[in-house]
Amino acid sequence: METSPVLFYAGPHLLSFLALVLLYVVSSPCSASLFFNFYGASCPTAELIVANTVRSASSSDPTVPGKLLRLVFHDCFVEGCDASVMLQGNGTERSDPGNGSLGGFQVIDSAKRMLEIFCPGTVSCADVVALAARDAVAITGGPELQIPTGRRDGRVSAAANVRPNIIDTSFTMNEMINIFTAKGLSLEDLVVLSGAHTIGSAHCSAFSDRFQLDSKGKRTLIDSSLDRNYADELMQRCPVHASDSITVVNDPGTSSSFDNQYYQNLVAHKGLFQSDSVLLDDKRTRALVEDFANDQERFFQSWGQSFLKLTSIGVKTGEEGEIRQFCSVTNG
Ligand code: HEM
């Protein structure tokens, strides 16, 4: 068979071009030296192992995805995305009351145990936390994302760092903006990432500041930005002497689906936390809330970008930090 000279000469060039493209895709730095497919050679099954662990944990306990998604927020905002939130012990981030209602730790630990069997000393807990949150979103119907990896685990975890870096539901818009800005995140990121409250649940204490006790010891609404019927439902779910363990779903109706219902709730004045409601009340963010309420695709697209920024905050790479053997303790 005669080979066309064009093809003959174009072939090798085309091949080397494709090889270059492939090399770029496989190893392109995304942010601060994280790379897509970082474990492609050292642990090709890493992402699959995490995804399978998250899937099986979520199918036996539907509260798992919400917990994993919140965990990455609390990890990344304190000391960067370095699994500092996973470390156990006196005075660690995890021991701070502000992190008392976090969960999902066992899921991260069990993915890591599996990874240590297949690829010992290779995959960081910080990457497991980020990948698990990414998978939690996909499992609940949200966008399926590729995220870069190569985070290293931190050796510092201090309870004292939690309060100054984690946003409380009572914060004003300006206070929230200040913390987001300090992490390199924008006002748009604040609106987008708050959309995480489309899944999961909250303890009554997380929004009790929207109510007060009247002279008869009954709860009444003091936050006029909240829909009256919704407020009544919340008061019923959280009676005055309710047990501390009672929870309320963040997004009634579709609390296990990652969708744009959260924004529709906000527009209907049914944001659970004051920090949610303020996104509709503040004129700087209202239009975006309305856009997302009307257009799930737009929310999903923005989610991809903001989630990437969230999971890149203050990452340790290269020779920094370590690859922990167990996520709850630093190495030796
Ligand atoms: C912007 C300020 C934010 C505030 C004030 C806030 C506050 C809270 C609070 C108080 C809870 C309830 C905790 C409980 O009582 O168990 C909660 C739950 C949750 N938060 Fe946020 N959050 C914020 C942003 C975020 C971000 C950026 C994410 C992730 C990207 C996130 C993800 C979640 C998830 C998934 C839950 C449900 C947790 C579960 O089901 O266990 N939050 N948040």
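In these legends, Ala, Val, Leu, Ile, Met, Phe, Trp, Tyr, Cys and Pro count as nonpolar, Asp, Glu, Lys and Arg as charged, and the others, Gly among them, as polar. This is a predicted model, with local features needing pLDDT of at least 70 and side-chain atom pairs counted only at pLDDT 80 or more, while totals for chains, interfaces and linings use all residues. Numbering runs from 1 along each chain as its sequence is written, and side-chain values use heavy atoms, leaving out hydrogens and water.

**View 1. The shell around the ligand.** Count 24 residues here, with G66, H197, G200, S201 and H203 the closest (near means a heavy atom within 4 Å). The mix is 11 nonpolar, 10 polar and 3 charged.

**View 2. Where the shell comes from.** Domain 1 (46–165) and domain 2 (173–309) both chip in residues, so the ligand lies between them; the bounds come from an automatic or database domain assignment. At least two shell residues come from each of α3 (64–77), α8 (187–194) and β1 (201–203), and α3 gives the largest share, 5 residues. Helices (H or I, at least four residues) and strands (E, at least two) are DSSP runs, numbered from the N terminus.

**View 3. H197 and the iron.** H197 sits in the loop between α8 and β1. Its NE2 is the only protein donor of the ligand's iron atom, at 2.1 Å (donors are N, O and S atoms within 2.8 Å of the metal, or 3.2 Å for Na, K and Ca; water is not among the atoms, so sites may look incomplete).

**View 4. Ligand oxygens at S201 and H203.** A polar backbone atom of S201 is 2.8 Å from one ligand oxygen atom. For H203, a polar side-chain atom lies 2.7 Å from an oxygen atom of the ligand.

Key:
A polar contact is a pair of N or O atoms within 3.5 Å; within protein, one must be able to donate a hydrogen and the other to accept it, and residues adjacent in sequence count only if both atoms are side-chain atoms.
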